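Q: Could you take me through one part of this model in close detail? I would like to follow a single strand and then the contacts around its neighbours.

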Amino acid sequence: MVGPLRPQFVLFGSSIVQFSCSNGGWGAILADLYSRKADVLLRGYAGWNSRRALQVLEQVFPKDAAIQPSLVIVYFGGNDSMLPHSSGLGPHVPLPEYVENMRKIGKYLKSLSENIRIIFLTAPPVNEKQILENLRDIIPERNRTNESCKIYSDACLEVCRELDVKAVDLWTSIQKRKDWSTACFTDGIHFSAAASKIVAEEILKVLREADWEPSLHWKSLPTEFAENSPYNPPCGDGTTLNLADHSVAQALIHWGLSDN
């Protein structure tokens, strides 16, 4: 372990998490914005459903860990929502089991610490035509539909209401963009930079509006080693430019985010 100790933000989910640090991903956005405020850790596993997540939950989040995360962002549902295969194989999880799995995940995470904060991301929409065009070798038939994603998204939101867990409704948020079906995916399922920006903005909105103590919004967390120094770049007036907060400003500009 390296110091100083920072809050830990853990992103736990399937490919939407695993790929979130590439292609202008939402994980990269959070890691950049919190680069001197919190450690953003990825636990993403492409192809996984809530059933597999539940099997490894205690390994990813051991109860006896010396430090528990300050925030866990959980995404499972898209793979669960795929239509069942005749062989019985594949990622499909029946809706009642999915609900129970997400309930168990939420309850377990809440049991780790009274200070842990949790956000569930719902199943996002998909572009069914684009899936068939780009993923025919992996998904040879129409077994992932926007309709099924909506059903599982709604179920996730209901679990969040039951457990008093914060939620980001990706199915609705992404479709607010008029050209979402063509602009938001690389292959019909996984996010483009445009979609990841929406995801990051929605997560930051939750962090800004949540009545958590302490707040986990980037503006509320201290910047590590933020004191000014004579070793910083000199300004013309005899002072130096403190780069600690300048790095946050640069991140906002780079990702096209508002200062909130």
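A: Here is a walk that starts at one strand and moves outward from there. Please keep in mind that this is a predicted model.

Let's begin with strand β4, which spans residues 117-121. The strand is mostly covered, with five of its five residues buried. In a regular strand the side chains alternate between the two faces of the sheet. Here, one side carries Arg117, Ile119 and Leu121, the other carries Ile118 and Phe120, and both faces are covered.

Now look at the strands that β4 pairs with. Strand β3 (residues 71-75) runs parallel to β4, and five bridges join the two. On the β5 side (residues 166-168), the pairing is again parallel, with three bridges. Phe120 is a handy residue to centre your view on: its bridge partner in β3 is Val74, and its bridge partner in β5 is Ala167.

The connection from β3 to β4 is worth tracing too. Helix α4 (residues 95-112) joins with β3 and β4 in a right-handed β-α-β unit.

Helix α4 also takes part in salt bridges, and side chains of opposite charge can pair when their charged atoms come close. Glu97 meets Arg51 in a salt bridge at 2.7 Å, N to O. Because Glu97 sits in helix α4 and Arg51 in helix α3 (residues 50-60), this pair ties together parts that are 46 residues apart in sequence. Both ends are partly open to the surface: Glu97 is partly exposed at 25% relative accessibility, and Arg51 is partly exposed at 33%. Further along, Arg103 forms a salt bridge with Glu162, where the closest N and O atoms are 2.7 Å apart. That contact links Arg103 in helix α4 to Glu162 in helix α6 (residues 146-163), 59 residues away. Arg103 is buried, with a relative accessible area of 18%, whereas Glu162 is partly exposed at 44%.

A search of the whole structure finds nine salt bridges. Another of them is between Glu224 and Arg6, at 2.8 Å, N to O. Glu224 lies in the loop between α9 (193-209) and α10, and Arg6 lies in the segment before β1, so the pair ties together parts that are 218 residues apart in sequence. Glu224 is buried at 16% relative accessible area, while Arg6 is partly exposed at 22%.

The segment before β1 (8-13) also holds Leu5. Leu5 is exposed, with a relative accessible area of 61%, and together with Met1 and Ile67 it makes a nonpolar surface patch of about 360 Å².

To finish, turn to the aromatic rings. The structure holds six aromatic pairs. In the pair of Tyr45 and Trp48, the ring centres are 4.5 Å apart and the planes meet at 25 degrees, so this pair is stacked. Trp48 is buried at 12% relative accessibility, and Tyr45 is partly exposed at 24%. Trp180 and Phe185 have centres 6.2 Å apart and planes at 80 degrees, so their pair is edge-to-face; both residues are buried. Phe12, Phe61 and Phe76 form one aromatic cluster.

How values were computed. Residues numbered from 1 in each chain as written. Predicted model: local features only at pLDDT ≥ 70, side-chain atom pairs only at ≥ 80, totals over all residues. Heavy atoms only, no water. Patch = residues over 30% accessible without salt bridge, like charges linked within 9 Å, V, L, I, M, F, W, Y side chains within 5 Å. Areas by Shrake-Rupley, 256 points an atom, 1.4 Å probe, with all protein chains shown as cover. Salt bridge = Lys/Arg side-chain N within 4 Å of Asp/Glu carboxyl O. Helix = DSSP H or I, 4+ residues; strand = E, 2+ residues; numbered from the N terminus. Buried < 20%, exposed > 50% of the residue type's maximum accessible area, 1.4 Å probe, protein only. Pairing = 2+ DSSP bridges. Right-handed = clockwise from strand over helix to strand, strands pointing away. Phe/Tyr/Trp six-rings, centres within 6.5 Å; stacked < 30°, edge-to-face > 60°.
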